[in-house]
Amino acid sequence: MDNKDAEKLFFIPFNTGGHWLLLAINPIREIVYYLDSLGNDWTTYPDMKVLIDTVLQAFRAQRDIQTSRRGANSITWIKVACPQQRNQIDCGYFMLRFMRDTLALGRLMIPTDYFEEFKCAFYTKDQVDEIKEEWCQFMIELNVF
């Protein structure tokens, strides 16, 4: 709760049970950016939405923010038109790439049509391989293996 009023973007890699997607949350503005490389809507995963909404409501309570009954459900979910995977196995790498792209730009907002600098319908094999290599290098540097 240190700096609880400072605006930040928190990343939550979320596994639905067989698929990875990314949630980027700005708790001060109560905005959840939803990035899914399969193009599903967040309503596909109602338990996820309830969990994240509950966490944000608890954060609001910790900050002593009062809201009206209507305002109590004022959490905004934004589906980002991010690059889509062409297979059923690369979702984890796409999620990592979305996180890396956002961090590289250092922004607190994600445009609904994704970042102009990284916009594409699909990542190329080279772009997916690049994040795989970066992840392997990161794990080697941590001496995980």
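Trainee: How much area does the chain expose, and what share of it do carbon and sulfur atoms supply?
Mentor: About 8800 Å² is exposed, and carbon and sulfur atoms supply 55% of that. Accessible areas here come from the Shrake-Rupley method with a 1.4 Å probe, and for residues only the protein chains shown count as cover. Keep in mind that this is a predicted model: local features need pLDDT of at least 70, side-chain atom pairs count only at pLDDT 80 or more, and totals for chains, interfaces and linings use all residues. Residues are numbered from 1 along each chain as its sequence is written, and side-chain values use heavy atoms, with hydrogens and water left out.

Trainee: OK. What's the pattern along the sequence?
Mentor: It reads β-β-β-α-β-α-α, with three helices and four strands. Those are DSSP runs numbered from the N terminus: helices are H or I with at least four residues, strands are E with at least two.

Trainee: What percentage of the residues count as buried?
Mentor: 37% of the 145 residues. Buried means under 20% relative accessible area, exposed means over 50%, and partly exposed is in between (1.4 Å probe, protein chains only).

Trainee: Which residues have the most contacts inside the largest nonpolar core?
Mentor: Tyr-33, Leu-35, Val-80, Phe-98, Ile-110 and Tyr-114, in a core of 20 residues. Strand S2 (20–26), strand S3 (31–35), helix H2 (91–105) and H3 each supply at least two residues of this core. H2 gives the most, with five. By nonpolar core I mean a set of buried Ala, Val, Leu, Ile, Met, Phe, Trp, Tyr and Cys residues joined through side-chain atoms within 4.5 Å.

Trainee: And what does Val-80 touch?
Mentor: Leaving out residues up to four places away in sequence, Val-80 touches Tyr-33, Tyr-34, Leu-35, Ile-110, Pro-111, Thr-112 and Tyr-114. Contact means heavy atoms within 4.5 Å. There's also a second, separate core of 13 residues, which includes Leu-23, Tyr-45, Met-48 and Leu-56.

Trainee: Back to H2. How far does H2 reach from its first C-alpha to its last?
Mentor: 21 Å over 15 residues, close to the 21 Å expected at 1.5 Å a residue. The expected span is 1.5 Å times one less than the number of residues. After H2 comes Gly-106, whose phi is positive, near 65°.

Trainee: What covers the buried residues of H2?
Mentor: The cover includes strand S1 (10–15), S2, S3 and H3.

Trainee: Arg-97 sits in H2; is Arg-97 buried or exposed?
Mentor: Buried, with a relative accessible area of 5%. Not counting residues up to four places away, Arg-97 touches Tyr-114, Tyr-123, Gln-127, Glu-130 and Ile-131. Thr-102, also placed in H2, is buried at 2%. Beyond its neighbours within four places, Thr-102 is in contact with Leu-9, Phe-11, Arg-107, Ile-110 and Phe-115.

Trainee: Switching to the surface: which residues make the nonpolar patch?
Mentor: Trp-135, Phe-138 and Leu-142, giving about 300 Å². Patches are made of residues with over 30% relative accessible area and no salt bridge; like charges are joined within 9 Å, nonpolar side chains (Val, Leu, Ile, Met, Phe, Trp, Tyr) within 5 Å. A salt bridge is a side-chain nitrogen of Lys or Arg within 4 Å of a carboxyl oxygen of Asp or Glu.

Trainee: Where does Phe-138 lie?
Mentor: In helix H3 (residues 125–141), and Trp-135 lies in H3 too. Phe-138 is partly exposed at 42%, and Trp-135 is partly exposed at 37%.
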